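Open the model in your viewer and keep the selection panel at hand. This tour goes stop by stop: what to select, then what is there.

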Amino acid sequence: MSYPDHDITAKFDFPEEEHKVIKFWREIDAFKTSIKLREGAPEFSFYDGPPFATGRPHYGHLLAGTVKDIVTRHASSSGFHVERRFGWDTHGLPVEHEIDKTLKIKSKDDVMAMGIDKYNAACRAIVMRYSSEWRETVERIGRWIDFDNDYKTLNITYMESVWWVFSELFKKGLVYRGTKVMPYTTGCTTPISNFEAGLAYKDVSDPAVTVAFPLVDDPKTVLLAWTTTPWTLPSNLGLCVHPDFDYVKIQDPTRGDTNLILHADLLNAIYSAKELKKPTYKIITKYKGSDMKGWRYIPLFDYFTDQYEDRAFKVLLDKYVTKDSGTGIVHQAPAFGEDDHRVAMANNVIRNDEMPPCPLDEIGVFTKEVPDFAGQYIKDADKEIIKAIKAKGRLIAQNTHMHSYPYCWRSDTPLIYRAIPAWFVKARDSRAELVAANKATRWVPQSVGDNRFGNWLENAIDWNISRNRYWGTPLPLWVSEDLQEIVCIGSVAELEKLSGVTGIKDLHRESIDHITIPSQKGNGTLRRVEEVFDCWFESGSMPYAQEHYPFENEDRFKKAWPADFVSEGIDQTRGWFYSMLVVSTLLFGKAPWKNLIVTGLVLAQDGKKMSKSLKNYPDPNMIIEQYGADATRIFLVNSPIVRAENLRFREDGVKEVVARVLLPWVNSFRFFLGQVNLLERDTGIKFQYNEHAAISSNVMDRWILARCQSLIKLVREEMAAYRLYTVIPRLLLLIDELTNWYIRFNRARLKGEGGPEDTVSGLNTLFETLLTLCKTMSSFTPFITESLYQTLRKFLPPCETDNRSIHFLDFPTVREEYFDPDIERQVTRMQAIIELTRTLREKHQPSLKVPLKELVVFHPTEAFFDDVRPLQVYLESQLNIREIVFTTDEERTSVRYKATADWPTLGKKLRKDIGKVKAGLPNLTSEEVKAFEKTGEITVDGIPLSKGDLVINRYVDLPDDGGFACNTDSDVVILLDIKTYPELEAEGIAREFINRVQRLRKEAGLQATDEVDVYYDFEPESGLDILAAMVKYASVITKAIRSAPADVKNRPEGAVVLIERRQEISEIGFHLSLTRRTGS
């Protein structure tokens, strides 16, 4: 297929052009062809974190996909063979939660009644629900990745490798069964990781009660405990105090004859501020917490007294108790608090193999173990429990407490902490190895890897890898009834061998739960444990499981591991990054990646989390179809988000990319095409790019080509360091340099003013710049670079390699011969003068089209002027100045010197003396500052300062007569005569007229080669100044617009009017029309 010809007259519609590119890529099978072209090249490996296909792609996915695509495309163009496989996370709670909602499943009994086979079949049916939308969106954003050779965590090959990973850890003694208090979701009926527990918090109001616990030895004395979870009180086994805190026993006649014990500083738990000002109580005794150890109290409820009376219901000591709120005495329910469980274990209240009192079913409803509240959901039972406490005379105080509480991010139900028998992988003992493995990798930004992730590793706890669910990879553990014999299976073949069952084709629960293994030790029949793997363990095993390692593809795996590159959002520091690192380090003692880019989160414009219900963000597909994928990619990558900071998504930001980056780029390209056509029309020369042309003698040619090399060098260096965020600003700069400097300065030359040879030389430079931009930026903006390249390719000489796509080409190498520091310095100094002068023109409002008489440029060194004098013609034409004076004479220009300072930096050096310097600096004379510039030494109010302490600025004291204006960048000083002169105003009017004609040509969609006649129409006796200027500068106007403008009265009958518009110059209105020139 040949790419459609570029229509230079049509509006450039970026989304429409991107669809043409996609069609072209499909027809030439561009992605797979690009991989085939790199066969035999060194490998660059990349691991793709698997998303769920049960949800549609959002901005976070677009961001992740863009970052991954940029890096892998660049690696491919840099000479690497880069396989890119898409992956799908198909197991776990996200899928089950959808099914539970659809089928109204609320408990394990509902699943059992339905049957695990039918339940899992329902899950399997939806796991790829949105896979086609994913494929369309990924293709539309311009990401090249292999969907046909994807991996899915539900495939038996993937699941078998997960079994192998687990069995290797089991063999190393890193797997054990234990009881642990975990975040638990009653909505999804399963424990979740601490990472997931931190994803959703809400401000909630909970009941807060202060409860009395009478002492066994002194029932008239009660310990006061405070809690915001009354539903945990039926499971109370202890009270905890801080050994070092001060506690008091008080007696208050208004509260009866009962003595109350609580923290000395927390009397506000039972008294109001007003009551504390006029206390009715008196302190009887003071205690240290350590004095109270072992005191026994009368249980609040007797549900578990028979089982625990000999070891529970006493005061325990621990320093986790705080005095921020409550009473300083903490009620202990070991099944519902991590600290509670730890303290109970440490004090032998419960045994390590024992489940503490946990009278709840899987959906958070009380069981018959607590008959008074059986059948009630925990939060609903709070009221009834408080009533019961009050009826017992144990309720001392009751109010509400507003606090931030964790919710299940999937079911939107409050989480609880609950003791769970679970299977764990030991990570705590390997903290040092995890930290060391991570330190051997590169993070971008490194601070996240060193701090956030590094700190997490330093405090790693054992990993609960089991879930009490159904749709997942089953734990390959077959156990005896007493759990004394445990067999861990590492492959399908091993299961078939030990069980005698053959032909196993699936490893999900419905396919293997019935399989038993005869005990090798006389323990009867071994059955599989019920749990399945946490889906994070499955995704953490991805480097091995995607290749079905070690059962096949061993060489492939070893070549690709560890991956050269991975990337996901910052939320994965405790998710996929962590799970991959733990598995890899425990297996092989090494991290599974070499380089990692971590991105921030994409938020709504108001800074809040993007929410479908709130509709606080625009549809990503709409944004892409309105502004284009390239614009979206640039907006995302050119932001703090690739430095792991959050980004507020702004539609206007994408729109600005089109206006500031892509349109100027396209306009530069179209300008080139127009001048090529003009060259052929005027000279018959068909332009063809000459890569080996002699280096141009034109300063601007050499400068823009040097700037191209700087871009190539920067992109190579920054991409090697995975710093994507530094590239786009440099692209913006080169586009600005190309459009606002190179093309603007060379417009007449490129139009043929200097003759055919010079025109061809300039066009060769412009072509090379455009081609370099396309090659260098193809990874970042794959669509526009392809579109422009398809036209530029026609000007390339024949090529033996496959160059059908920009993405088949090598990344450009730096041409060192183009670098010229002298020319770069010359142009930089010229740019400084131009920018300073343009600023003055804008400030004082003499239009750039009106010539000004004089510009005086001051610099103390002749070397500066040696650089800019050869470029004086550019200064004069671009600034529209009649005379430029270069001078080193300070007296003539009244240049003065003053000093300023970076006060925060200088303050660190001078400390207390900084005040003296601040006060004394304005008193320095111009001569003193000038002397400091030469000597590097000065004393300010007795404080010696040296070079680097002060910044020297040059300025001019101008008389307030409005004649001259001054500007400086602290190096060069300019004086601009801003007065207007009648003899120069006419030239300005002529320039304005030329501008109106050129704008009209553009509006009419005319190209450089289109010949037209120009006609004007003034009101009678109007526009005399304009007409006079047109006569005086007739040759200039005719040369610029390639037509001699005439009065509309002379327009021939039947002339084809292409466009006619009202114009205005100096507040004078008139009409301009363009007609097709006869014979053109």
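A crossing of two helices is left-handed if the near helix is turned anticlockwise from the far one by less than a right angle, and right-handed if clockwise. Keep that rule for the second stop.

**Before you start**

This is a predicted model, in which local features need pLDDT of at least 70, side-chain atom pairs count only at pLDDT 80 or more, and totals for chains, interfaces and linings use all residues. Residues are numbered from 1 along each chain as its sequence is written, and side-chain values use heavy atoms, with hydrogens and water left out.

**Stop 1: the domains**

Colour by domain. The bounds come from an automatic or database domain assignment. Domain 1 is given as 38-174 + 426-472 + 539-599. Domain 2 is 190-418, and domain 3 is 476-530. Then come domain 4 (647-819), domain 5 (895-956) and domain 6 (982-1076). Now place the C-alpha centres of domain 1 and domain 6: they lie 66 Å apart.

**Stop 2: helices H27 and H28**

Select 756-777 for H27 and 782-792 for H28. Helices (H or I, at least four residues) and strands (E, at least two) are DSSP runs, numbered from the N terminus. The two helices pack at an angle of about 140°, with axes 9 Å apart. Axes here are lines fitted to C-alpha atoms, for helices over the stretch in contact, and angles run from 0 to 180 degrees between N-to-C directions. Which hand does the crossing of H27 and H28 have? It is left-handed.

Show the side chains next. On the H27 side, pick Phe767, Leu770, Leu771, Leu773, Cys774 and Met777. They meet Thr785, Leu788, Tyr789 and Leu792 of H28. Contact means heavy atoms within 4.5 Å. By class, this contact holds nine nonpolar residues, one polar and no charged ones. In that count, Ala, Val, Leu, Ile, Met, Phe, Trp, Tyr, Cys and Pro are nonpolar, Asp, Glu, Lys and Arg are charged, and the others, Gly among them, are polar.

**Stop 3: tryptophan 665**

Select tryptophan 665 in helix H24 (residues 651-683). Is this side chain's residue buried or exposed? Tryptophan 665 counts as buried, at 0% relative accessibility. Buried means under 20% relative accessible area, exposed over 50%, and partly exposed in between (1.4 Å probe, protein chains only). Tryptophan 665 touches residues including Leu773, Cys774 and Met777, which also appear in the H27 side of the previous stop. Thr785 and Leu788 are among its other contacts, and both belong to the H28 side. Add Leu731, Ile735, Thr781 and Ile784 to complete the set, which leaves out residues up to four places away in sequence. For a distance check, draw a line to leucine 732, 67 residues away along the chain: the C-alpha atoms are separated by 9.5 Å.

**Stop 4: salt bridges**

Side chains of opposite charge can pair when their charged atoms come close. The rule used is a side-chain nitrogen of Lys or Arg within 4 Å of a carboxyl oxygen of Asp or Glu. The count comes to 61 salt bridges.

- Glutamate 568 and lysine 68: the closest N and O atoms are 2.6 Å apart. The pair links strand S23 (residues 566-569) to helix H3 (residues 59-77), 500 residues apart. Both residues are buried.
- Aspartate 822 and arginine 825: the N to O distance is 3.1 Å. Both lie in helix H29 (residues 821-844), three residues apart, about one turn of the helix. Aspartate 822 is partly exposed at 43%, and arginine 825 is partly exposed at 35%.
- Lysine 979 and aspartate 977: the closest N and O atoms are 3.1 Å apart. Lysine 979 is partly exposed at 34%, whereas aspartate 977 is buried at 3%.

Finally, select Arg681, Asp682, Glu1011, Asp1013 and Arg1077: salt bridges with shared partners join them into one network.

**Stop 5: backbone around H19 and H20**

Zoom to the loop between helix H19 (542-545) and helix H20 (554-560), where proline 550 lies. A cis peptide bond joins tyrosine 549 to proline 550, with omega about 5°. Histidine 548 is in this loop too. Its phi is positive, about 55°, although it is not a glycine. Histidine 548 is buried at 11%. Asparagine 553, also in the loop between H19 and H20, has a positive phi of about 55° and is partly exposed at 29%.

Move on to proline 562, in the loop between H20 and S23. A cis peptide bond joins tryptophan 561 and proline 562, with omega about -5°.
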